[in-house]
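Q: Please take a close look at one pair of packed helices in this protein chain, and set that pair in the context of the whole model.

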Amino acid sequence: MPPAVDDALVLTIYPYAESDGVVVFLTRKHGKVRLLVRGLRSLKRQQHGIISPFNRISLSFKPRGPDQLGYLVECGLQRGVDIGSGQLADYYFLSYMHEVVLGMEIDPAAGNRIFRLLDVLTESILHSGFRIDRLCYFQFWLLRLEGLLPDPGTCGSCGRAFEEERAALAVDLHSLSFICRSCRSDQWKGDIRSAQAMWVMLKGFLKANPENLVYIPLDMSDYMELISHFDLKISNFIGKKSKSMPMLLGTVSV
């Protein structure tokens, strides 16, 4: 059987034996794959620089069973990420995305969407650096692709689509659903203005690519609240808290 060929993002690297390594890749067509890479830890081997965290590479590999390691045949660099050249926030954001995806079970049939999400956000970070709304975008789309987020285009109470006359007025931060004016009751309290701004931003995420996100000037406290609730859902989904998120938020001025 000929080797499988795919595009891949390097998620993480583990040492194996004296000079080998086990690398976890997110591929465009095969989901996550774990491959044994001979001589990875030797500086003399070419793939030492190619197979580095956050890089996108072309990959040729021999897959094995679910509980067995496949092995790398050859690889080529498509896009390198120089970790030391950016800001700390850039590094921690890339680390957060890869940490979350590493903890997920990814259906190969749906892996292309997760691959594209990471790929385009990495490209946007390399082009113009970290921005708080890009973090929200990643969390929003990850949860949405996994079916863990209500549709921001409909009221979470009555199910009717929002229109100009029936706009989102409040947000239920427990379910992250938006509530229309006619359904709002005492159980949905809080800052109406921030709820509307959140709704405008998330509704915009449905149509926007990371490269052309229009920044919504939420108060930083509102961004932090939304990120916190998104992160809680993601942590529950993957079964652990992120180590990178506290460090990423430590770089953000509130």
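A: What follows goes from the whole chain to the helix pair and then to two loop residues.

This is a predicted model, in which local features need pLDDT of at least 70 and side-chain atom pairs count only at pLDDT 80 or more, while totals for chains, interfaces and linings use all residues. Residues are numbered from 1 along each chain as its sequence is written, and side-chain values use heavy atoms, with hydrogens and water left out.

The protein chain holds seven helices and seven strands, where helices (H or I, at least four residues) and strands (E, at least two) are DSSP runs numbered from the N terminus. Read from the N terminus, the order is β-β-β-α-β-β-α-α-α-β-β-α-α-α. The C-alpha trace spans about 65 × 40 × 30 Å along its principal axes, and 48% of the 254 residues count as buried, that is, under 20% relative accessible area with a 1.4 Å probe and protein chains only. Contacts are taken as heavy atoms within 4.5 Å; among those between residues at least 6 apart in sequence, 59% join residues at least 24 apart.

Within this chain, the requested pair is α2 (residues 88-102) and α3 (residues 111-128), whose axes come within 11 Å and cross at roughly 175 degrees. Because of that angle, α2 is roughly antiparallel to α3, a label used for angles over 145 degrees. The axes are lines fitted to C-alpha atoms, for helices over the stretch in contact, and the angles run from 0 to 180 degrees between N-to-C directions. On the α2 side, the residues that meet α3 are Asp-90, Phe-93, Leu-94, Met-97, His-98 and Val-101. Their partners in α3 are Ile-114, Leu-118, Leu-121, Thr-122 and Ile-125.

Two loop residues complete the picture. Phe-54, placed in the loop between α1 (47-50) and β4 (56-62), has a phi near 80 degrees, a positive value in a residue other than glycine, and at 4% relative accessibility Phe-54 counts as buried. Leu-176, which lies in the loop between β6 (168-172) and β7 (177-180), likewise is not a glycine and has a positive phi of about 60 degrees; Leu-176 is buried, with a relative accessible area of 6%.

Terms used
Buried < 20%, exposed > 50% of the residue type's maximum accessible area, 1.4 Å probe, protein only. Parallel < 35°, antiparallel > 145°, perpendicular 65-115°, else oblique.
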